[in-house]
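Visitor: I'm new to this structure and would like a close look at one part of it. Could you take a helix and its neighbours and walk me through them slowly?

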Amino acid sequence: MLIINLMGLGLIALIILWFWLYKAPSTQVSDEQYKSQITVVVEDGIYQPAHISLLKDKPLTITFIRKDASPCAATVLFPDLEISADLPLNKAFSVQLPAMKKGEYAFHCQMKMYNGTVVVK
Amino acid sequence: MNKLTGSTGNQNTQELIIEGAGCASCVGKIETVLKNINGVDSAEMNFALRTVSIAGNVAPEILIKAIETIGYNASSASDRSDDELLDEKDIADQKYYTNLMRQVWVALVLGVPLMIYSIFGGPMTVETPLERVIWLFIGVLCAGIMYFAGKHFYIGAWKSLVNHTANMDTLIALGTGTAWIYSMVVVFFPMALPEMARHVYFEATAMIIGLINLGLALEVKARGRTSEAIKRLIGLQAKTARVVRDEKEMDIAIEQVLLNDIVRVRPGEKIPVDGIVTQGHSSIDESMLTGEPMPVEKVAGDTIVAGALNKTGSILFKATRVGKDTALAQIINMVKRAQNSKPPIGRLADVISGYFVPIVMIIAIVSALVWLNFGPEPTLAFAVVSATTVLIIACPCALGLATPMSVMVGVGKAAEVGVLIRNGEALQAASKITTMILDKTGTITEGVPKVTDIIVADESYTEKYILTVAASIERGSEHPLAQAIVDSAIEQDVELEHTTDFQAIAGHGVTATCHGQQVLFGNQKLMLKNDVVLNDVVAKAQKLANEAKTPMYLAIDNKLAAIIAVSDPIKQDSVEAIKRLQVNGIRVVMLTGDNKATANAVAKKVGITEVFAEVLPEEKSNKVAELQAQGEIVGMTGDGINDAPALALANVGFAIGTGTDVAIESADITLMRGSLHGLADAIAVSKATLRNIKQNLLGAFIYNAAGVPFAAGILYPFFGLLLSPVIAGAAMAFSSLTVVSNANRLRFFKPQDH
């Protein structure tokens, strides 16, 4: 019984470690082009890539390709930038973000099940 | 997004979707043909996505044509019209629904008989070898259902897990997975478990998958209805326009109409883009945009807006705003944006959703441990059931949907009654307003002054002569009251005279020479300054002022000749609209730059008791701050131009749109028609929406806060009750549906009749 209890506690520790304490690496957007552009695939409950980083004062175009038919995935929101878009299914749809100051800008679906961040350095 | 209609001179990138590119060698061909076009700086194709991004300033049609010449099809990635996007969405939703329903049937075909069997006491245990074989068969069947009907949960859960996130899929996959794996362990190794714990839960797995899919399917249907308002707005857009180019008329897609194109609209057609009438006249129905029920007569020189309906005549007009710049497109854009923005009340739910799933997983583990340590026999079976039920009953979706669904419907509803709400914050603040400040001119009143009285003081002049002199000297003045006098003269066909020595004295009036006579025209101060004898006329002037009219004195050769009174008529429904606000417990205050007497008279007429008169434009925001310091939540209503600082400072700034001019940046809420009823409507819609959000949030919180402990078995020690995972599945599936349906109730909201 002791082993089972320890396993249970270990599992809880693992959950905390895995979901909360983990710091996700972000995908650096190359800024050689006139406008930075990155493609994000919306599928199976995640944005891929979900963490995007770029340099400050650069506008960014994110081309979303939504492959998940569930209505939750259909809307993407950038609450800090007051930007939102309805993503068509299986088609590319570009969302243009203005040049941003340093900081983290979250984006997510309406229910916050899909989550991503744009990190501006 | 990157709209290029012809060469714009701006550097731009745009994206095209390529069809028919089957091999990697196509990439080079497509890129080369694009790069050869004049104006294209770079073209890069992403073969995996079949998209090509092009930098340069070339119209998309040219790029598409070039790609077509080498045998591929191309379409613009982001330039699909709202209409097409909506159609696509409807088709995709319908397909998703059909697919889900198929999965529902498959899952329930196995789940329902099994559940009925278990309810009527069929043994769900594994005792004999025959039972093992039967349950093994059912277990494999169940795995098939998990694959066919629940694959999306498991893939979603796995992908999120790998990416260190957890969502609803995680909970469902863990819950159903635990039940299935435990059951399979029972089937394969019954001996490893105590006898009482040899129970299978295949029916739970099948039923949960079926019910949750059913919930999702019904939710898709219900969600479709939440966007009704925006669909109606988008439906106002014409699809084609008949333009006159090179003296030929042709029908083209609305996206291709260019600025300054001459467009023909025949009776019964919708106005395709914004413009100015150049030829013909017609009555035009703008009711869908402004709520103004009467059609408006339009002649050459008048502006018309896209989405309005041409009723009687055929007209030609010059396009002044096209594409995403038309008032209608801006309205649609603004409503869409606002529908997706979140009021502060929703933030807490957002924070909670961020931690929700891992917390539920932890609760499930704790619950299982408690059963294993302290529970009655069979502890293992109880532990598995409680953990599964906790995982299944928890519903982050209901929490996540609570706010956005209501905002979606509420903002859409507001737009339908002519109220454009900028964002969720404004929506929430509007529901809390305690004081409403109304600007007088143009808000309570029409804003277009008219001559109401001409009182001749010197019998040697006729009324017409007085008007001639007054209008002649005021012709050069820019004062709004001067315009009223000139308009009145034009109306009465008075011929204006030539004047000389015109002089405007700020805060007093004007002087000039007309017919060789020295004319003074202005307020009392001007007369006193020039020693004009006023006598008993002052009483008459005071009487006019008390009637909310502005009296102006006209003296000819330093002798008083007449008083001309000008007044800005009060909008027909202002009295009633202000009363509506007051009935709702809102303190209404009037703010104006006008003199005290006129201001008080207007206030009295419309039933306002608090007046700030003679306030300079730059002092208006101080008054807002003053009221805020008293602890009031202040709404400020103005025309949005000279009131901008006050509108911005107020908790909610309302701009009265002149017709369909929606680009009023400083306002939180724009009223599309001039009536003040829009204020009460806006507040009523906001209150209803906020109430709806609160119901949803409360429901979702209570559901989760009560459901999870219940599922963990908190009632078992007292009443011997433990929730079945199937019931948990049903509850979870319908909790989010309840949220969406409750939000949909807002569709039936009607602001008070007026």
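Guide: Here is a walk around one helix of chain B, followed by a few other spots.

A word on the ground rules: this is a predicted model, where local features need pLDDT of at least 70 and side-chain atom pairs count only at pLDDT 80 or more, while totals for chains, interfaces and linings use all residues. Residues are numbered from 1 along each chain as its sequence is written, chains are lettered from A and ligands numbered from 1 in the order in which they are written, and side-chain values use heavy atoms, with hydrogens and water left out.

Let's settle on helix H5 of chain B, residues 168-188. Helices (H or I, at least four residues) and strands (E, at least two) are DSSP runs, numbered from the N terminus.

One neighbour is helix H6 of chain B, residues 202-226. The axes of H5(B) and H6(B) come within 8 Å and cross at roughly 160°. Axes here are lines fitted to C-alpha atoms, for helices over the stretch in contact, and angles run from 0 to 180 degrees between N-to-C directions. That angle makes H5(B) roughly antiparallel to H6(B), since angles over 145 degrees count that way, under 35 as roughly parallel, 65 to 115 as roughly perpendicular and the rest as oblique. On the H5(B) side, the contact (heavy atoms within 4.5 Å) includes Met168(B), Ile172(B), Thr176(B), Ala179(B) and Trp180(B). Among the partners on H6(B) are Phe202(B), Thr205(B), Ile208(B) and Ile209(B). If you like a rule of thumb for reading such lists, an α-helix has 3.6 residues a turn, so residues three or four places apart point the same way.

The crossing of H5(B) and H6(B) is left-handed, meaning that the near helix is turned anticlockwise from the far one by less than a right angle; clockwise would be right-handed.

Now for helix H10 of chain B, residues 347-374. H5(B) and H10(B) pack at an angle of about 20°, with their axes 9 Å apart. That makes the two helices roughly parallel, and H5(B) passes H10(B) in a right-handed crossing. Met168(B), Thr170(B), Leu171(B) and Leu174(B) in H5(B) meet Val357(B), Val360(B) and Met361(B) in H10(B). Met168(B) turns up in the H10(B) contact and in the H6(B) contact too.

Follow the chain past H10(B) and you reach Pro378(B), in the loop between H10 and helix H11 (379-393) of chain B. The peptide bond from Glu377(B) to Pro378(B) is cis, with omega near -10°. Chain A has a cis bond as well, joining Gln48(A) and Pro49(A), with omega about -5°. Pro49(A) sits in the loop between strand E3 (46-48) and strand E4 (51-54) of chain A.

Two loops further along chain B are also worth a peek. His515(B), between strands E18 (509-514) and E19 (517-522), has a positive phi near 60° without being a glycine. With 43% relative accessibility, His515(B) counts as partly exposed, a label for values between buried (under 20% relative accessible area) and exposed (over 50%), using a 1.4 Å probe and protein chains only. Asn558(B), between strands E20 (550-556) and E21 (559-567), also has a positive phi, of about 65°, and is not a glycine. Asn558(B) is partly exposed too, at 37% relative accessibility.
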